Each structure stands twice: as structure tokens, then as C-alpha cells.
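Dear colleague,

Please find below the structure that I am handing over to you, together with its sequence. My findings are set out after it.

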Amino acid sequence: MDIQIRNYRDFYFLFNQITENCFKRCANPCLNRVITPNEDLCIKNCTNKHVNTNHKIMELYMEIQPVLVRKRIEEMNNTQAATMAQSEDKQEVGIS
């Protein structure tokens with residue numbers, strides 16, 4: 001359940017950032033309630049750019065993440081092997 005809440009919060013955080021960024025860029029000055037065609041086009045382009053960028057970042061993350069996990073597992077295994085070797089050396093010294 002915590003993962004769902006975190007994903008929900010992350011989604012709305014990103015949504016709010018995109019909304020604020022595109023509003024500042026496209027609806028300036030905000031003198032009337034009606035969105036002009038130029039503002040509408042600007043908002044569509046801005047949001048599409050953000051969404052496409054987010055998709056590209058996620059694609060790269062999905063490619064890189066398994067490599068990073070594999071590397072971390074190897075590091076942990078090496079550390080564990082070194083610790084075991086040290087422990088065995090200490091036992092041998094204590095026996096002698």
C-alpha cells in the first residue's frame with residue numbers, strides 16, 4: 001500500500017510541476033478567463049514536451065536499472081567473500 005501512495009504522490013507532484021511550468025510559460029499575462037488559441041497551442045506543446053521527456057527518461061531508467069542492480073549484487077558478493085576470507089584467516093591464526 002505504501003508503494004501505491006508513493007506512486008500517487010509522485011504522479012501528482014510531477015503533474016503539478018508540469019502544470020505550473022506550462023502555465024507560467026504560456027498563460028502570461030493572465031488578463032482574461034478565456035484561453036486564446038495561441039495559449040492553447042503553447043500549453044499542448046509544452047505538456048507534450050514534458051510527457052515525451054518523461055517517457056524517454058523512464059525508458060533509459062528501465063535499461064540502466066538492471067545493470068546497476070547486477071553491479072550492486074556483485075559488489076555485495078565481493079564484500080561478503082572478503083569478509084568470509086578475513087574471518088577464516090582470523091580463525092586460522094587463532095588455531096595456530
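The notes that follow describe the helices, the loop between two of them, the aromatic rings and the charged pairs.

Please bear in mind that this is a predicted model.

Helix H1 and the annotated region

Helix H1 covers residues 2–26, and a loop lies between it and helix H2, which covers residues 37–95. At 1.5 Å a residue, the 25 residues of H1 should span 36 Å, and its end C-alpha atoms are indeed 36 Å apart, so the expected and modelled values agree. The buried residues of H1 are Ile-18, Cys-22 and Cys-26.

UniProt, in an unreviewed entry, lists residues 5–62 as "domain: Tim10-like". Over residues 5–62 the chain is 83% helix and 0% strand, and the C-alpha atoms at the two ends are 21 Å apart.

The loop and the start of the contacts with H2

Ala-27 lies in the loop between H1 and H2. Its relative accessible area is 11%, which is under 20%, so Ala-27 counts as buried. Apart from neighbours within four places in sequence, Ala-27 is in contact with Cys-22 and Glu-39. Asp-40 is 13 residues from Ala-27 along the chain, and the C-alpha atoms of the two are separated by 8.8 Å.

Glu-39 belongs to helix H2. Not counting residues up to four places away in sequence, Glu-39 touches Cys-26, Ala-27, Asn-28, Pro-29 and Val-34. Which side chain of opposite charge is nearest to Glu-39? It is that of Lys-44, 12 Å away; Glu-39 is buried yet has no salt bridge.

Aromatic rings

The count of aromatic pairs comes to four. In one of them, the rings of Tyr-8 and Tyr-12 have their centres 4.8 Å apart and their planes at 65 degrees, so this pair is edge-to-face. Tyr-8 and Tyr-12 are four residues apart in helix H1, which means that about one helical turn separates them. Tyr-8 is exposed, with a relative accessible area of 54%, whereas Tyr-12 counts as partly exposed at 36% relative accessibility. Tyr-12 also pairs with Phe-11, again edge-to-face, at 5.1 Å centre to centre and with 80 degrees between the planes. Phe-11 is partly exposed, its relative accessibility being 49%. Ring pairs link Tyr-8, Phe-11, Tyr-12 and Phe-15 into a cluster.

Salt bridges

Side chains of opposite charge can pair when their charged atoms come close. How many salt bridges does a search of the whole structure find? The search finds three.

In helix H1, Lys-24 and Glu-20 lie four residues apart, about one turn of the helix. Their side chains meet in a salt bridge of 3.0 Å, N to O. Lys-24 counts as exposed at 55% relative accessibility, and Glu-20 as partly exposed at 46%.

In helix H2, a salt bridge of 3.4 Å, N to O, joins the side chains of Asp-40 and Lys-44. Asp-40 and Lys-44 are four residues apart, about one turn of the helix. Both are partly exposed, with relative accessibility of 34% for Asp-40 and 46% for Lys-44.

Also in helix H2, Arg-72 and Glu-75 are three residues apart, about one turn of the helix. Arg-72 forms a salt bridge with Glu-75, and the closest N and O atoms are 3.6 Å apart. Arg-72 is partly exposed at 48% relative accessibility, as is Glu-75 at 35%.

With kind regards

Methods:
Residues are numbered from 1 along each chain as its sequence is written. This is a predicted model: local features need pLDDT of at least 70, side-chain atom pairs count only at pLDDT 80 or more; totals for chains, interfaces and linings use all residues. Side-chain values use heavy atoms; hydrogens and water are left out. Buried means under 20% relative accessible area, exposed over 50%, partly exposed in between (1.4 Å probe, protein chains only). Contact means heavy atoms within 4.5 Å. The expected span of a helix is 1.5 Å times one less than its number of residues. UniProt positions are given in the numbering used here, feature names are shortened, and annotations may be inferred rather than shown by experiment. Rings of Phe, Tyr and Trp (its six-membered ring) pair if their centres lie within 6.5 Å; planes under 30 degrees apart count as stacked, over 60 as edge-to-face and the rest as tilted. Lys and Arg count as positive and Asp and Glu as negative; His and the chain ends are not counted. A salt bridge is a side-chain nitrogen of Lys or Arg within 4 Å of a carboxyl oxygen of Asp or Glu.
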